[in-house]
Amino acid sequence: MGRKVGLTSEPMQTLLGVNEPDFGYILDSMIVGTDTVEIERFCAPRVEPEIAFLLSRPLRGPHVDIEDVYAATEFVAVALEVVDSRVADWKLTLPDTVADNASSGAVVLGEWVPYSAELNLSQMVATLELNGEQIDTGVGRAVMGDPAAAVAWLANTLARFDTELTHGQFVMSGAFTAAARVSRGDVVTAEISGLGAASLAFR
């Protein structure tokens with residue numbers, strides 16, 4: 001269904017002790033279409049707010065830049081990603097995250113919004129709420145300076161494997177904030193200014 005770029009922001013790289021992004025797949029089974037999810041499906045879930053890009057045409061590196069990404073973007077949406085780790089206590093190295101599909105767990109997507117140049121994604125502010133209380137905020141430029149830069153990085157990285165981002169795929173561009181731990185009974189909301197919100201309850 002799509003792909004994800006992880007470890008794009010300084011808080012997440014600091015949290016996991018790495019200095020470059022990683023990437024993985026988003027499978028159909030990982031997309032949560034309801035507002036609740038069973039916490040037993042995860043090992044050690046954390047949540048983070050992101051922007052998802054839905055592409056209207058392919059992107060193939062190695063020379064994709066931010067302008068190319070925006071030209072190929074049809075819609076954007078708020079995404080609440082559930083990251084998860086099969087490595088004990090989240091004591092990860094970059095190879096661990098690669099082996100673990102970039103710590104992918106699940107994703108909740110908000111409403112798709114048609115992309116236009118008026119949407120300045122690098123200036124948008126994300127708010128992460130846990131049980132109605134704001135616990136973190138972040139700005140789009142925390143994601144490699146611009147969320148579209150993460151999509152460009154992925155397209156260029158995939159070119160080394162003779163692979164491209166295809167029409168109709170969406171790309172999770174990376175977290176605006178550090179990932180927050182969740183437990184049974186928690187309700188989490190990610191809101192991004194100008195785009196909307198996505199919520200998920202863990203039961």
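This report describes the overall form, the strand pairing and the salt bridges of a predicted protein model.

## Overall form

The protein has 203 residues and a radius of gyration of 15 Å, which agrees with the value near 17 Å for a compact globule of that length. Along the principal axes, its C-alpha trace spans about 45 × 35 × 30 Å. The secondary structure comprises 4 helices and 13 strands.

Of the 203 residues, 53% are buried. The surface that the protein exposes amounts to about 8,900 Å², and carbon and sulfur atoms supply 50% of that area. When contacts with a separation of 6 or more are considered, 73% of them are between residues 24 or more positions apart.

## The five-stranded sheet

Five strands form an open sheet in the order β3-β13-β12-β8-β9, and their pairing is mixed. At the edges of this sheet lie β3 and β9, the latter covering residues 133-139; each of these edge strands pairs on one side only.

Within the sheet, β12 (residues 187-192) and β13 run antiparallel and are joined by 6 bridges. One residue of this pairing is V187, whose bridge partner in β13 is A201.

## A salt bridge beside strands β13 and β3

The structure holds 6 salt bridges. One of them connects the side chains of R203 and E38, with an N to O distance of 2.7 Å. The two residues belong to distant parts of the chain, 165 residues apart: R203 lies in the segment after β13 (196-202), while E38 lies in the loop between β3 (36-37) and β4 (46-55).

Both partners fall into the partly exposed class. R203 is placed there because its relative accessibility is 47%, and E38 because its relative accessible area is 35%.

## The salt bridge between E164 and R60

A further salt bridge is formed by E164 and R60, whose closest N and O atoms are 3.1 Å apart. This pair also links distant parts of the chain, with the two positions 104 residues apart: E164 is in the loop between α4 (147-159) and β10 (170-172), and R60 is in the loop between β4 and α2 (66-72).

E164 is partly exposed because its relative accessible area is 24%, a value above the 20% under which a residue counts as buried. R60 is likewise partly exposed, with a relative accessible area of 41%.

## The salt bridge between D100 and R86

The side chains of D100 and R86 also meet in a salt bridge, at 2.5 Å from N to O. D100 sits in the loop between α3 (94-99) and β6 (104-109), whereas R86 sits in the loop between β5 (73-83) and α3; the two residues are 14 residues apart.

The partners of this bridge differ in their exposure. D100 has a relative accessible area of 9% and is therefore buried, whereas R86 reaches 54% relative accessibility and so counts as exposed. Elsewhere in the protein, salt bridges that share partners join R60, D162 and E164 into one network.

## Summary

The predicted model contains 4 helices and 13 strands, and its radius of gyration agrees with that of a compact globule. An open sheet of 5 strands runs from edge strand β3 to edge strand β9. Among the 6 salt bridges, the one between R203 and E38 links the segment after β13 to the loop between β3 and β4.

Notes
Residues numbered from 1 in each chain as written. Predicted model: local features only at pLDDT ≥ 70, side-chain atom pairs only at ≥ 80, totals over all residues. Heavy atoms only, no water. Salt bridge = Lys/Arg side-chain N within 4 Å of Asp/Glu carboxyl O. Buried < 20%, exposed > 50% of the residue type's maximum accessible area, 1.4 Å probe, protein only. Pairing = 2+ DSSP bridges. Rg over C-alpha atoms; globule rule 2.2 N^0.38 Å. Contact = heavy atoms within 4.5 Å. Areas by Shrake-Rupley, 256 points an atom, 1.4 Å probe, with all protein chains shown as cover.
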